[in-house]
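Please open the model in your viewer and keep the sequence panel beside it. The tour below proposes one selection after another and says what is found at each stop.

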Amino acid sequence: MDVTFVANDRVYNVPRRPVLAVCADGWDPEYVDDALERSLMPRLAESLSAGGMYRLGRAQVPTFTNPNNVAIVTGVCAASNGVAGNHYRNECGEEVQVTDPVFLRATTIYAAAHAAGVEVLCVTAKDKLRRLLAVGDVPAFSAECAHEQTLADGTPVTEVLGSGNPGIYDWQLSPYTIDLAVALAERLQSKLVYASLTDFVQHAAAPGAPMSDDFYRAVDAALGRAIDAGFVVGLAADHGMRSKTGADGRPNVRFLDEALAEAGVASGHTLCPITDPYVVHHAALGSMAWVHVDDADELDRARSALAALPGVEGVLNRSAAADSFDLPPDRIGDLVVLADAQTVLGKSRQAHDISALHGELRSHGGLHERPVPIIVCERLAVDGLAGRELHNRDLHDLLLNHLA
Ligand code: ZN
Ligand code: ZN
């Protein structure tokens, strides 16, 4: 019997074969193109030549991990699902991590499928996403903390795959996440499986660097194992990745609180929505920032001071930014600051530990990291896809509703 369910007004059909949807963290299209060109991903190449799809789509802006994972698992934009950053400033003026399901304003596809009786599973590399993915009693595990987790029957999670979990700053954590997702899915008979990777490698290494090559070869082998195990496999990146390093080898960063102070704006506070526990990745420096200006009389002065900074290519007020990028107005700043492709935005020199970075800064968050690969390793029915602009949040629609 065919099973269908509804999530956020869209109907999804559960295929007979199990589905593995992968959020490929930080996979700028450059990595995929380079890996295919140099034959580092033979299994992906084989799937594409057998009729699979590889197209560029759009990510949710700001191009950070939590907003895009949530867009992918809800199938709707941030204005509808409520998650506009990894981090936000609440009604009391406190900065909080967006890791609690209380922030979700839409159901997830996994919660809706689970409620309809479909066996589902979410496995994330970074533990910070696990609670968001577990909403609706969805079984959710993280590769980062797999050594601390057990199945409902008491079996240690690492025992299911039979190998210990690599650390959060190990390039092997993402391929491990895919293998763990497949092993757990086979054990739990899951039909709809989400695996969310980590962008440690993409923050640290450009396309063609030795660690990138090792990573894409290993991920391709893991995807091949999922295909061989009978899974329908698809991937969408949460955002791209670019070098944000100046000619002097230092991060190309503008400190917004310093610019506001210089302009005499006393009530301004910068919030970096990239902020998360993984500071070695990016030192909380991304290409988009929120600025809160508590005294409305200072708003124009703040806007002019920020817009005048080199490397800033736009400053939008709250409602214009919400309209332009499908954002929830109450979860962003009074001003939204957009950096150019080579620049990142921070608060002040003291607020960011740049010494924590591994080598040169590569990061994301702005408009220049919006194009993302969307891949389905299966032939799709062309109906309804020709000419359609794709977003990463369409991944589950493609995998569940458009297989040939
Ligand atoms: Zn990410
Ligand atoms: Zn990142």
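Begin by selecting Val-22 together with Ala-195 in S9, since these two residues are bridge partners. The model is a predicted one, and this pair is a convenient way into it. Extending the selection to the strands themselves shows that S3 and S9 run parallel and are joined by 5 bridges. On adding strand S7 (residues 120-124), one finds that this strand is likewise parallel to S9 and joined to S9 by 5 bridges, with Thr-124 standing opposite Ser-196.

Now keep S9 alone and display its side chains. Leu-192, Tyr-194 and Ser-196 point one way, whereas Val-193 and Ala-195 point the other way. Such a pattern is what one expects, because side chains in a regular strand alternate between the two faces of the sheet. Is S9 enclosed by the rest of the structure or open to the outside? As 5 of the 5 residues of S9 are buried, the strand is largely enclosed by the rest of the structure.

**First metal stop**

From S9 (192-196), follow the chain into the loop that leads to helix H9 (200-204), where Asp-199 is found. Select Asp-199, His-203 and His-364 with the zinc ion (ligand 2): the ion is coordinated by the OD of Asp-199 and by the NE2 atoms of His-203 and His-364, at 2.0 to 2.2 Å. Along the sequence these donor residues follow the spacing D-x3-H-x160-H. The pair Asp-199 and His-364 links distant parts of the chain, 165 residues apart, with His-364 placed in the loop between strand S18 (362-363) and strand S19 (371-376). Asp-199 counts as buried because its relative accessibility is 1%, and His-364, with a relative accessible area of 2%, is buried too.

**Second metal stop**

Next, move 4.2 Å from the zinc ion (ligand 2) to the zinc ion (ligand 1). Which residues are the protein donors of this ion? They are Asp-25 (OD), Thr-65 (OG1), Asp-238 (OD) and His-239 (NE2), which lie 1.9 to 2.1 Å from the zinc ion (ligand 1). The spacing of the donor residues in sequence is D-x39-T-x172-D-H. The arrangement around the zinc ion (ligand 1) is tetrahedral because its 4 donor atoms subtend angles of 87 to 134°. For comparison, the ideal angle for four tetrahedral donors is 109.5 degrees.

Asp-25 lies in the loop between strand S3 (19-24) and helix H1 (29-37), while Thr-65 belongs to helix H3 (residues 65-74), so this pair ties together parts that are 40 residues apart in sequence. Asp-25 is buried, having a relative accessible area of 0%, and Thr-65 counts as buried at 2% relative accessibility.

**The antiparallel sheet**

For the last stop, select the open sheet of 4 strands, whose order is S13-S14-S16-S15 and whose pairing is antiparallel. Strand S13 (268-271) and strand S15 (312-317) form the edges, each pairing on one side only. Neighbouring strands in this sheet are turned by 25° against each other on average, if direction is ignored. At the S15 edge, 5 bridges join S15 to strand S16 (residues 335-339) in an antiparallel manner, and Gly-314 has Leu-338 in S16 as its bridge partner.

Finally, bring in two helices. Helix H13 (residues 299-307) packs on the sheet, touching strand S14 (288-293), S15 and S16, and its direction makes about 160° with that of S15. Helix H14 (residues 318-325) lies across S14, S15 and S16, and runs at about 105° to S15.

Conventions:
Residues are numbered from 1 along each chain as its sequence is written. Chains are lettered from A and ligands numbered from 1 in the order in which they are written. This is a predicted model: local features need pLDDT of at least 70, side-chain atom pairs count only at pLDDT 80 or more; totals for chains, interfaces and linings use all residues. Side-chain values use heavy atoms; hydrogens and water are left out. Donors are N, O and S atoms within 2.8 Å of the metal (3.2 Å for Na, K and Ca); water is not among the atoms, so sites may look incomplete. Buried means under 20% relative accessible area, exposed over 50%, partly exposed in between (1.4 Å probe, protein chains only). Four donors count as tetrahedral if all angles lie between 85 and 135 degrees; four count as square planar and six as octahedral if opposite donors are over 155 degrees apart and all others between 65 and 115; anything else is irregular. Two strands pair if DSSP finds at least two bridges between them. Axes are lines fitted to C-alpha atoms, for helices over the stretch in contact, and angles run from 0 to 180 degrees between N-to-C directions. Contact means heavy atoms within 4.5 Å.
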